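User: Hi! I'm new to this one. Could you walk me through it?

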Amino acid sequence: MLQLDHHPTGRHFLQIPGPSPVPDRILRAMSLPTIDHRGPEFGALGRQLLADIKPIFKTRQPVLIYPASGTGAWEAALVNTLSPGDEVLMYETGHFAALWAKLALRLGLKPEILAWAGEDEHLPQAPSWRRGVQAELIEARLKKDVDKKIKAVCVVHNETSTGVTSDIAAVRRAIDAAGHPALLLVDTISGLASADYRHDEWGVDVTVSGSQKGLMLPPGISFNVPSARALEAARSAQLPKAYWAWDEMLEMNKDGYWPSTPNTNLLYGLHEALEMLAAEGLDAVFARHQRWGAGVRAAVTAWGLPIQCADPAVYSPVLTGVIMPAGVDADAVRRLIYERFDMSLGTGLGKLKGRMFRIGHLGDSNDLTLLATLAGCEMGLKLAGVRLAGSGVQAAMDYFAAHAAAALKRG
């Protein structure tokens, strides 16, 4: 194994699908002096943030901001709406969907796992991890629940472990078609501010998200967005909660404050992130990520390697998973790329460990950083002895050159 006896020059390429590279403007904002979180200056900041974050979720509902990771927001969504022993229908599209189900089980809920049951030549051990949520399976299962024992349906919008973005509107239509009262809980931790998301329009009852992906912040902030139905359910939910309780936080938020100590300097960064996203416009942000994803997928296709997401209709604009040929250890390839080129790529998680790696195309990136990323991947794959069908770098260059309009609009 190559041992570096010096500090590498230049910047480290953080090309995992989150935490994403943080813009310098946000880092500078976070370096400002911490203020009194009970003083009037903080109250003004809190009120502004709680208003400005709503358009990111495309909601008029209150947005709750926790000093926590996305895992905390998972727990908050469940404990505020459900009671011990409640049945929960959870659709497994990847590692994070599976972890959310594990968390539900530990809380005393009864999760039931749905998953696509077809066959897949590249990943026979995890065929459902290459596709999005099959809404018709949810509809069929809910129609069988004549006693309405299922209290919530939980799905992941953008599955970070696989590069699949599911159709949430279709899930809502499926629940409605079944005539079922189950709440719809959605994790868009990696989708928010990179892929189109519409809390109100799609009829989501609780949205869960985090700071370290499309919002371009370090980890440490998470979100819940409850619908009116979810707030009503919270009045009778019996799972234990204290730190995660919505009622106390909503009351304190009216004046811009938090019941516990907020992460003030991360909130400074959130303020900057929201200003940056508003200035660019969400539609432009989404188009930019779609374009980056298409360029990266052009490279993977040129290499002749399978893309983790098997359905082009649900390709993620946030990340692309790359499946390695049989017998090639993806983690060994990642390690070689890290040691030779000072670049971090996402590992295969859970059932995908050693079978694939993930390229993030979000955060503080541009065409050139992504081309450099692909060059590092291509060199590393060749050094690892992986036979490539062609140059992915050239394919990405050609794609970006032929689809330059979205990049030029950023100004």
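User: How much accessible surface does the protein have, and what share belongs to carbon and sulfur atoms?

Analyst: Happy to help! This is a predicted model. The accessible surface of the protein comes to about 16900 Å², and carbon and sulfur atoms make up 55% of that area.

User: And what percentage of the residues count as buried?

Analyst: Of the 411 residues, 57% count as buried.

User: Which helices and strands am I looking at, I mean how many of each?

Analyst: The protein has 15 helices and 13 strands. Its radius of gyration is 21 Å, close to the 22 Å that the globule rule gives for 411 residues, so the protein is as compact as a globular protein of that length.

User: What are the dimensions along the principal axes?

Analyst: The C-alpha trace spans about 60 × 55 × 40 Å.

User: How much of the contact network links residues 24 or more positions apart?

Analyst: Such pairs account for 74% of the contacts with a separation of 6 or more.

User: Let's go inside. Which residues touch the most other members of the largest nonpolar core?

Analyst: Those are Leu215 and Leu270, in a core of 63 residues. Helix α10, residues 264-280, gives this core its largest share, seven residues. There is also another core lying apart from it, with 29 residues, among them Trp292, Cys309, Val314 and Leu374. As a general point, nonpolar side chains tend to be buried together in soluble globular proteins.

User: Back to Leu215, what does it touch?

Analyst: Leaving aside residues up to four places away in sequence, the contacts of Leu215 include Ile26, Ile56, Leu192, Phe223 and Leu270. Ala273, Leu274 and Leu277 are also among them.

User: New topic: how many disulfides does a search of the whole structure find?

Analyst: Zero. Take Cys377: the closest cysteine sulfur, in Cys309, is 18 Å from its own sulfur, too far for a bond.

User: Is Cys377 buried or exposed?

Analyst: Cys377 is buried, because its relative accessibility is 0%, under the 20% cut-off. Cys154 is buried as well, with a relative accessible area of 2%.

User: One more, about α11. How far apart are its end C-alpha atoms?

Analyst: They are 32 Å apart. Helix α11 covers residues 282-303, and at 1.5 Å a residue its 22 residues should span 32 Å, so the two values agree.

User: And what comes just after α11?

Analyst: Gly304, which takes a positive phi of about 85° there.

Conventions: Residues are numbered from 1 along each chain as its sequence is written. This is a predicted model: local features need pLDDT of at least 70, side-chain atom pairs count only at pLDDT 80 or more; totals for chains, interfaces and linings use all residues. Side-chain values use heavy atoms; hydrogens and water are left out. Helices (H or I, at least four residues) and strands (E, at least two) are DSSP runs, numbered from the N terminus. The expected span of a helix is 1.5 Å times one less than its number of residues. A disulfide is a pair of cysteine sulfur atoms within 2.5 Å. Buried means under 20% relative accessible area, exposed over 50%, partly exposed in between (1.4 Å probe, protein chains only). The radius of gyration is taken over C-alpha atoms; the globule rule is 2.2 Å times the number of residues to the power 0.38. Contact means heavy atoms within 4.5 Å. Accessible areas come from the Shrake-Rupley method with a 1.4 Å probe; for residues, only the protein chains shown count as cover. A nonpolar core is a set of buried Ala, Val, Leu, Ile, Met, Phe, Trp, Tyr and Cys residues joined through side-chain atoms within 4.5 Å.
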